[in-house]
Amino acid sequence: MTTTLDRTANRALTPGLPARLSLTPQTILAGQLDGAWWPRSRDLAAELPALADALEGRWGRITRVLVNPDRWPVVPHKVAVTGHVLHVGWFTEQDPDKVILLSYTTGRCDLLVIPPETEPASAARLMDAAALPGSVLTASALMSGEAATGRRMGAARSSEDTWETDGGAASAPQPHPAAHPVVAAHPVVGARMIPLPLPGRTGR
């Protein structure tokens, strides 16, 4: 995708929600990423001002942003942020799941971009993973790993649902009337065998 539209720097700034960020602690361990950003939409003009404001305290004034247009439907040339204009560029060769921010004072900051539609639990795992000091995982590798985790969790939930549907929670079968009554030492609850405590003893 190569569409690039210009949004003027004079557009009115409207206060919005704070940026959802997770940054690596300041350390000598250099990793692939400096943290993660979870925007609320795919609108760069609306999302970048809060991001630039949130990073200024640590990284200084952000002056330029680089993205991959595959993840953003519109890439504006300029975005008005607090006190200045942010220049935005794009490269198709850049990791599509990463945003690069440049500052005159601090240099470069690479952040994983978590898709806006991501579920909170998944976003929290990605935030933690991207902020791990010294991590060698790229943004795309983290996204691929989380997608695999989501598939495993979905398969596990599906198996549980199938087990319940097939009668896994049914009560234990009754003994044959001709058989002598037997007190079960391990009552069946679902498919798990739960031992009963012996008389006079308390369970843990």
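## Close-up views of a predicted model

Follow the chain from start to end and you meet the pattern β-β-α-β-β-β-β-β-α-α-β-β. That makes 3 helices and 9 strands, where helices (H or I, at least four residues) and strands (E, at least two) are DSSP runs numbered from the N terminus. This is a predicted model, in which local features need pLDDT of at least 70 and side-chain atom pairs count only at pLDDT 80 or more, while totals for chains, interfaces and linings use all residues. Residues are numbered from 1 along each chain as its sequence is written, and side-chain values use heavy atoms, with hydrogens and water left out.

**View 1. The open sheet and its two edges.** Here 7 strands line up in the order β1-β2-β7-β6-β3-β5-β4, with mixed pairing; two strands count as paired if DSSP finds at least two bridges between them. β1 (21-23) and β4 (78-81) sit at the edges with a single partner strand each, so one side of each has no neighbour in the sheet. From one strand to the next, the twist averages 30°. At the β1 edge, 3 bridges join β1 to β2 (residues 35-37), and the two run antiparallel. One bridge to look for has Leu23 partnered with Gly35 in β2.

**View 2. β3 and the strands on either side.** Of the 6 residues of β3, 5 are buried, so this strand is largely enclosed by the rest of the structure. "Buried" means under 20% relative accessible area and "exposed" over 50%, with partly exposed in between (1.4 Å probe, protein chains only). β3 is joined to β5 by 4 bridges, running parallel, and to β6 by 4 bridges, running antiparallel. On the β5 side, Val67 has Trp90 as its bridge partner, and Arg64 stands opposite His87. On the β6 side, Ile62 is partnered with Ser103.

**View 3. The β4-β5 hairpin.** Just 2 residues separate β4 from β5 in this hairpin, and Gly83 in the turn has a positive phi of about 85°. The two strands pair in the antiparallel sense over 4 bridges. Lys78 has His87 of β5 as its bridge partner.

**View 4. Helix α1 on the sheet, and the core.** Helix α1 (residues 44-59) packs on the sheet, touching β1, β2, β3 (62-67), β4, β5 (84-90), β6 (98-103) and β7 (107-113). Contact here means heavy atoms within 4.5 Å. The direction of α1 makes about 60° with that of β4; axes are lines fitted to C-alpha atoms, for helices over the stretch in contact, and angles run from 0 to 180 degrees between N-to-C directions. The largest nonpolar core has 21 residues, and Trp37, Leu48, Ile62, Val65, Val99, Leu101 and Leu111 touch the most other members. A nonpolar core is a set of buried Ala, Val, Leu, Ile, Met, Phe, Trp, Tyr and Cys residues joined through side-chain atoms within 4.5 Å. α1 gives the most to this core, with 6 residues.

**View 5. Trp37 and Trp72, a pair of rings.** Search the whole structure and you find 1 aromatic pair. The rings of Trp37 and Trp72 have their centres 6.0 Å apart and their planes at 20°, so they count as stacked. For the record, rings of Phe, Tyr and Trp (its six-membered ring) pair if their centres lie within 6.5 Å; planes under 30 degrees apart are stacked, over 60 edge-to-face and the rest tilted. Trp37 is in β2 and Trp72 in the loop between β3 and β4, so the pair ties together parts 35 residues apart in sequence. Both Trp37 and Trp72 are buried.

**View 6. Helix α2 and its buried face.** In helix α2 (residues 120-130), the buried residues are Ser122, Ala123, Leu126, Met127 and Ala130. Seen down the axis, they fall within an arc of 140°, so they line one face of the helix; the arc is that of the directions from the helix axis to the C-beta atoms. Over on the other side of α2, Pro120 and Asp128 are exposed. α2 lies across β1, β2 and β7, running at about 145° to β2.

**View 7. Thr24 in its loop.** Thr24 is found in the loop between β1 and β2. At 7% relative accessibility, Thr24 counts as buried. Beyond its neighbours within four places in sequence, Thr24 has contacts including Leu33, Arg58 and Ala130.
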